[in-house]
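Reader: I am in my first year and would like a close look at a single part of this protein. Please take the aromatic side chains and what surrounds them, and go through it step by step.

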Amino acid sequence: MKKYIAVVLFALLLLGVWLFARRTPLASMDRQFWTPETGISEVSFSLERGDTVRLSLTSAVRDGDYHAAVYSVDGMLVEDIGKAKRLEMFLTPGDAGTYCLRVEYDGFVGSLKAKIYR
């Protein structure tokens, strides 16, 4: 019986550590298009000076095209991502402020998923 209680307590401890240590995204995008769509999707996130973020982008393109980029709040291009099936990259904009991930799509059918982590 003591062994069972110790195992349960250990499992709860591991669960607590995992919940505390896991990263929550600063911003995320999850879009699915079943019919051709043309437009723009954006998510914004705030950074302090010198922050580095990890950007994760996954796409499944059935038809059409898309282009992704990161912009500063004043519209300046920070990083031109382009088009990728699966992308993991680190980004250090340098200045504090609000940034946005903008995805422009044309006749797009498929799915786009993006997450930005500190």
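Author: What follows starts with the aromatic rings, then turns to the core and to the charged pairs.

The model is predicted. Phe33, Tyr66, Tyr105 and Phe108 form one aromatic cluster. Across the model, the count comes to five aromatic pairs. One of them joins Phe33 and Tyr105, whose ring centres are 4.7 Å apart, with 40° between the planes, and this pair is tilted. Phe33 belongs to strand 1 and Tyr105 to strand 5, so the pair ties together parts that are 72 residues apart in sequence. Are these two rings buried or exposed? Phe33 has a relative accessible area of 5%; the cut-off for buried is under 20%, so Phe33 counts as buried. Tyr105, at 8%, is buried by that cut-off too.

Phe33 has another partner in Phe108. Here the ring centres are 5.8 Å apart and the planes stand at 90°, so the pair is edge-to-face. This pair also links distant parts of the chain, with Phe33 in strand 1 and Phe108 in strand 5, 75 residues apart. Phe108 has a relative accessible area of 0% and is buried.

Next comes the nonpolar core. The largest one has 23 residues, and Tyr66, a member of the aromatic cluster, is among those with the most contacts inside this core, along with Phe45, Leu55, Val70, Ile81, Leu101 and Val103. Strand 1, strand 2, strand 4 and strand 5 each supply at least two of the core residues. Strand 5 gives the largest share, eight residues.

Phe45 shows what such contacts look like for one residue. Leaving out residues up to four places away in sequence, Phe45 touches Leu26, Ala27, Val53, Val70, Gly97, Thr98, Tyr99, Cys100, Leu101 and Ile116. Two of these partners, Val70 and Leu101, are also listed with Phe45 among the core residues with the most contacts.

Now for the charged side chains. Side chains of opposite charge can pair when their charged atoms come close. A search of the whole structure finds five salt bridges. One is between Arg54 and Glu88, at 3.5 Å from N to O. Arg54 is in strand 2 and Glu88 in strand 4, 34 residues apart, and the pair links distant parts of the chain. Both side chains are partly exposed, Arg54 at 26% relative accessibility and Glu88 at 48%.

Two further salt bridges involve the loop between strand 1 and strand 2. Arg49 meets Asp95 at 3.1 Å, N to O. Arg49 sits in that loop and Asp95 in the loop between strand 4 and strand 5, 46 residues apart. Arg49 is exposed, at 65%, whereas Asp95 is partly exposed, at 46%. The other bridge joins Arg118 and Asp51 at 2.5 Å, N to O. Arg118 lies in the segment after strand 5 and Asp51 in the loop between strand 1 and strand 2, 67 residues apart. Arg118 is partly exposed, with a relative accessible area of 46%, but Asp51 counts as buried, at 16%.

To return to the starting point, Phe33 in strand 1 pairs with Tyr105 in strand 5 and with Phe108 in strand 5.

Methods
Residues are numbered from 1 along each chain as its sequence is written. This is a predicted model: local features need pLDDT of at least 70, side-chain atom pairs count only at pLDDT 80 or more; totals for chains, interfaces and linings use all residues. Side-chain values use heavy atoms; hydrogens and water are left out. A salt bridge is a side-chain nitrogen of Lys or Arg within 4 Å of a carboxyl oxygen of Asp or Glu. Helices (H or I, at least four residues) and strands (E, at least two) are DSSP runs, numbered from the N terminus. Buried means under 20% relative accessible area, exposed over 50%, partly exposed in between (1.4 Å probe, protein chains only). A nonpolar core is a set of buried Ala, Val, Leu, Ile, Met, Phe, Trp, Tyr and Cys residues joined through side-chain atoms within 4.5 Å. Contact means heavy atoms within 4.5 Å. Rings of Phe, Tyr and Trp (its six-membered ring) pair if their centres lie within 6.5 Å; planes under 30 degrees apart count as stacked, over 60 as edge-to-face and the rest as tilted.
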